[in-house]
Amino acid sequence: MDAQSAATPLAGLKARLRAMFGSSNENSLTNRLAGTIFLIRVVSAAMAYFAQILLARWMGGSDYGIYVYVWTWVLLLGSMLDFGFATSAQKIIPEYRAVGDLALLRGFLSGSRWATLAASSAVSLLLAGLVWTLSSSIDAATVLPLYIGCLTLPAFVVANTQDGIARSHDWMRLGLMPQFIIRQAMIIGFTAGAFALGFHLGAVVAMIASCAAVWIAMTGQMIALNRRLDGHVEAGPKAYDFRGWLAVSLPILLVEGFYLLLSYSDILVLQQFRSAEEVGIYYAVVKTLALVSFIHYAMSATTAHRFTEYHASGDKARLAAYVAYAIKWTFWPSLAATVALLALGKPLLWLFGPQFVGGYDIMFIAAIGLVVRAAIGPVERLLNMLGHQRICALAYALAFAMNIALCLVLVPRYGGHGAAASTSAALVFETVLLFWIVRRRLGLHVLAFGKKDA
């Protein structure tokens, strides 16, 4: 009897896991794909965390702060210079497939990448010229890393575009592995090799390693993606609708751009008012809490193109049920991850160095905004996929403006604590706006708990 009672809960657990991940329905597929993305991001986060620990200990506070500052600019600009194609691909590609327009589909699959490569290369040259013009007023130790950052941008942008194309075909590993696993592994390998060979591992060497890793990973991803597409889309003529693509993508770019500005403005403002060492400590806190954001990212990347499919088919009931499911699987895992990270915060920060433990209390302030944002799930992707990009961009613009204003007031006096408070307040404000917009525009309740009828 004891054996039978022990087996019953185990059998029930297996049945629930099989229903969640093992069946062929759309919810199970979403769980598997989101789980794949989350696993890749967690492994990547562990590798990045390990890399940041090594760099912080090998480089020292000042060089590490410079590297963080330049790499933040690469992440920010590199994620904006794709014209929004990385996200709009999840709307454009399913629509072309639905109507059978293979010529435009083939045109977008190649034209989007060539366009982003050309545009990002031109912008990189302009930015390098700007650095040269302003070099007399920029810290001398920061100038060369900034030039290397400009060289990194085109490959970073094309990799983002390829990521969106791969995710639109449910090729999650092809979309994410090169950027988040292979690239990170090469950064660790290159910097560790330089350190072992006796090079001074400053900001310049670290940026060279990062630049090489970005270009190599992007090139390998391009080769693999082209091979997959050759077997998935039959050969034929190509048609290009750059005006139509930009009409869809640019409003999405505004959304993504304001979100990225909201995400990185705290670090950029902190750099202007506080020391490089304090920037490094704050960055370590943000990296420690990154796991919470990965859950939101995983569900957003998995669900976006399905929002488009269900909306295009006119199945409102299925869309509403799928949205509720995505929100639930964003919020509750995010809440659990936040509690775990706060409990383990001090030993995790200590890995960067004893001085980094001083940022532990900042974690609690920063966590508030992340948890509140998770409560409405990936609704920004829902709005983008359903044609409400402009109102979504306005919400993000208002949140960004609020964050900048608060940072300028609080950071000079309170440093990292002020930056975290500003960002959390802006995220709460953004969440309230998005909840209200979806309620008014789509008639959906998008909170993880509470009344579900509109």
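These are my notebook entries on the nonpolar cores and aromatic pairs of this structure, which is a predicted model.

**Entry 1, the cores.** I began with the largest nonpolar core, which has 69 residues, and I noted that M59, Y64, Y67, W71 and F352 touch the most other members. Helix α3, residues 61–78, supplies the largest share of this core, namely 10 residues. I then looked up Y64 by itself and, leaving aside residues up to four places away in sequence, I found that Y64 touches Q52, L55, A56, M59, G280, Y283 and F352. Apart from the largest core lies another one of 47 residues, and I wrote down Y96, L383, Y396 and L434 as being among them.

**Entry 2, aromatic pairs.** I counted 11 aromatic pairs. The ring centres of Y240 and W245 are 6.4 Å apart and their planes stand at 75°, which is over 60 degrees, so I entered this pair as edge-to-face. Y240 is partly exposed, because its relative accessibility is 44%, whereas W245 has 1% and is therefore buried.

My next pair was Y360 and F364, whose ring centres are 5.2 Å apart with planes at 85°, so this pair is edge-to-face. Y360 and F364 both belong to helix α14, residues 360–374, where they sit four residues apart, about one turn of the helix. Is Y360 buried or exposed? Its relative accessible area is 17%, so I listed Y360 as buried, while F364, with 38%, is partly exposed.

**Entry 3, a cluster and a charge.** I noted one aromatic cluster formed by F83, F85, F108, Y240, F242 and W245. Lastly, I looked up W171 and found R228 lying over the face of its ring, at 4.4 Å from the ring centre.

Methods:
Residues are numbered from 1 along each chain as its sequence is written. This is a predicted model: local features need pLDDT of at least 70, side-chain atom pairs count only at pLDDT 80 or more; totals for chains, interfaces and linings use all residues. Side-chain values use heavy atoms; hydrogens and water are left out. A nonpolar core is a set of buried Ala, Val, Leu, Ile, Met, Phe, Trp, Tyr and Cys residues joined through side-chain atoms within 4.5 Å. Buried means under 20% relative accessible area, exposed over 50%, partly exposed in between (1.4 Å probe, protein chains only). Helices (H or I, at least four residues) and strands (E, at least two) are DSSP runs, numbered from the N terminus. Contact means heavy atoms within 4.5 Å. Rings of Phe, Tyr and Trp (its six-membered ring) pair if their centres lie within 6.5 Å; planes under 30 degrees apart count as stacked, over 60 as edge-to-face and the rest as tilted. A charge sits over a ring if NZ of Lys or CZ of Arg is within 6 Å of the ring centre and within 35 degrees of the ring normal.
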